[in-house]
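Here are my notes for your first look through this one. Keep the viewer open and follow the points in order.

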Amino acid sequence: VTLSEGARAGIGRELGMLDSLLSFGGLVLLRDSVEWEGRSLLKALVKKSALCGEQVHILGCEVSEEEFREGFDSDINNRLVYHDFFRDPLNWSKTEEALPGGPLGALRAICKRTDPGPITIALDSLSWLLLHLPCTTLCQALHAVSHQDSCPGDSFPVGKVSVLGLLHEELHGPGPVGALSSLAQTEVTLGGTKGQASAHILCRRPRQRPTDQTQWFSIFPDFSLDLQEGPSVESQPYSDPHIPPVDPTTHLTFNLHLSKKEREAKDSLILPFQFSSEKQQALLRPRPGQATSHIFYEPDAYDDLDQEDPDDDLDI
């Protein structure tokens with residue numbers, strides 16, 4: 001199959017966005033809302049990791065395994081290791097395949113049992129975990145797994161670990177959301193306008209300045225991404241060049257423009273604080289017959305006439 005240049009460019013842009021989310025590992029926080037759901041983007045990232053040959057583990061808490069696997073082909077589904085905490089979250093049935101410690105115990109077990117190499121862990125969802133676990137316990141477990149220090153006794157260190165966490169932001173207060181946000185190396189906030197979805201991606205890297213970008217996209221039924229341009233800016237109203245523009249100063253109660261006579265009168269006006277040479281001579285040299293005034297001063301008993309100590313009257 002021969003792809004056109006536009007198709008190849010579209011695939012390259014899609015891989016570029018997904019690679020930017022998964023290449024550095026750590027916690028990737030997907031923040032969605034009621035208007036813009038994030039499970040489709042989570043499944044798109046899971047598909048990308050599976051196609052790259054990484055080990056992909058799903059901790060399903062919020063939807064059933066059948067619903068999560070729906071839309072993937074058999075090749076992708078065979079590569080996913082699904083840990084079902086939806087049917088029996090508290091292990092009341094006492095099944096042998098249930099991992100001790102619940103979802104957090106499964107996180108630690110995944111780190112210990114996996115072979116060296118890159119691994120992707122999808123948490124569906126962090127909101128479910130926050131409603132059943134203390135926030136501090138969850139944050140400590142995520143920090144340990146995403147920083148690869150939850151298995152200090154292993155002889156073979158685990159490779160790059162990417163933790164994809166779906167968070168329904170509207171269900172939680174600013175405290176838990178801020179704590180998870182501070183742990184995330186990559187933060188994706190879903191939004192959009194006019195029916196077109198967007199992802200605001202904030203990346204934090206060690207010893208680097210945070211970078212952010214906004215990417216517009218749509219997701220196909222097979223959970224592949226289609227990157228798109230942003231919505232067009234609304235066009236400006238059409239203006240007829242033959243119609244003269246309206247002067248906004250026509251209906252003012254004061255005049256902003258001066259006529260030629262008004263400008264000449266303004267320039268010839270002498271302001272009170274401006275002293276011409278004639279006015280200075282008139283003030284300094286009184287004309288003959290002009291009444292003069294004198295000031296007679298008699299010192300008071302409390303007047304300070306000591307020039308060597310002018311503050312003598314202050315009693316310091």
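1. Start at serine 40. Once neighbours within four places in sequence are set aside, serine 40 is in contact with Ile219 and Phe223. You'll find serine 40 in helix H2, residues 39–51. With a relative accessible area of 19%, it falls under the 20% cut-off, so serine 40 counts as buried. Keep in mind throughout that this is a predicted model.

2. Now zoom out. The protein has 10 helices and 9 strands. Of its 316 residues, 36% are buried. The protein exposes about 21,100 Å², and carbon and sulfur atoms supply 55% of that. As for contacts between residues at least 6 apart in sequence, 64% of them join residues at least 24 apart.

3. Next, the sheet. How are the strands ordered in it? The 9 strands form an open sheet, reading S3-S2-S4-S5-S1-S6-S7-S8-S9, with mixed pairing. Strand S3 (80–84) and strand S9 (225–228) are at the edges with a single partner strand each, so each has one side without a neighbour in the sheet. From one strand to the next, the twist averages 25°.

4. A bit of background for the pairing: strands of a sheet pair through backbone hydrogen bonds, and they can be parallel or antiparallel. Both senses turn up here. Strand S4 (residues 119–124) and strand S5 (residues 161–168) run parallel and are joined by 5 bridges. Look for threonine 120, which stands opposite serine 162 in S5.

5. For the antiparallel sense, go to S6 and S7, which are joined by 8 bridges. Threonine 189 has histidine 200 in S7 as its bridge partner. The hairpin of S6 and S7 has 2 residues between the strands, and lysine 194 takes a positive phi near 55° there.

6. Stay with S7 and look to its other pairing. S7 and strand S8 (residues 211–219) are antiparallel too, with 7 bridges. Histidine 200 turns up again: its bridge partner in S8 is threonine 214. Is strand S7 enclosed or open to the outside? In S7 (residues 196–203), 6 of the 8 residues are buried, so the strand is largely enclosed by the rest of the structure.

7. One helix to trace against the sheet is H8, residues 174–183, which lies across strand S1 (26–32), S5 and strand S6 (186–193). Helix H8 runs at about 140° to S1.

8. On to charges. Side chains of opposite charge can pair when their charged atoms come close. The count here comes to 11 salt bridges. One of them joins glutamate 187 to arginine 31, with the closest N and O atoms 2.2 Å apart. This pair links distant parts of the chain: glutamate 187 sits in strand S6 and arginine 31 in strand S1, 156 residues apart. Glutamate 187 is buried at 4% relative accessible area, and arginine 31 counts as buried at 13%. Both belong to a network of salt bridges that links Arg31, Glu169, Glu187 and Arg204.

9. Compare that with lysine 160 and glutamate 54, whose side chains meet in a salt bridge at 3.5 Å, N to O. Lysine 160 is in the loop between helix H7 (135–146) and S5, while glutamate 54 is in the loop between H2 and strand S2 (55–60), so the pair ties together parts that are 106 residues apart in sequence. Lysine 160 counts as partly exposed at 25% relative accessibility, whereas glutamate 54 is buried at 15%.

10. Then there's a pair within one helix. The side chains of arginine 79 and aspartate 75 meet in a salt bridge, 3.1 Å from N to O. They are 4 residues apart in helix H4 (residues 74–79), so about one helical turn separates them. Arginine 79 counts as partly exposed at 35% relative accessibility, and so does aspartate 75 at 38%.

11. Finish on the surface. Which residues form a nonpolar patch there? They are Leu252, Phe254 and Leu256, with about 300 Å² of accessible area together. To place the patch along the chain, look for leucine 256 in the loop between S9 and helix H9 (260–268).

Notes: Residues numbered from 1 in each chain as written. Predicted model: local features only at pLDDT ≥ 70, side-chain atom pairs only at ≥ 80, totals over all residues. Heavy atoms only, no water. Pairing = 2+ DSSP bridges. Axes fitted to C-alpha atoms, helices over the stretch in contact; angles between N-to-C directions. Contact = heavy atoms within 4.5 Å. Patch = residues over 30% accessible without salt bridge, like charges linked within 9 Å, V, L, I, M, F, W, Y side chains within 5 Å. Areas by Shrake-Rupley, 256 points an atom, 1.4 Å probe, with all protein chains shown as cover. Salt bridge = Lys/Arg side-chain N within 4 Å of Asp/Glu carboxyl O. Buried < 20%, exposed > 50% of the residue type's maximum accessible area, 1.4 Å probe, protein only.
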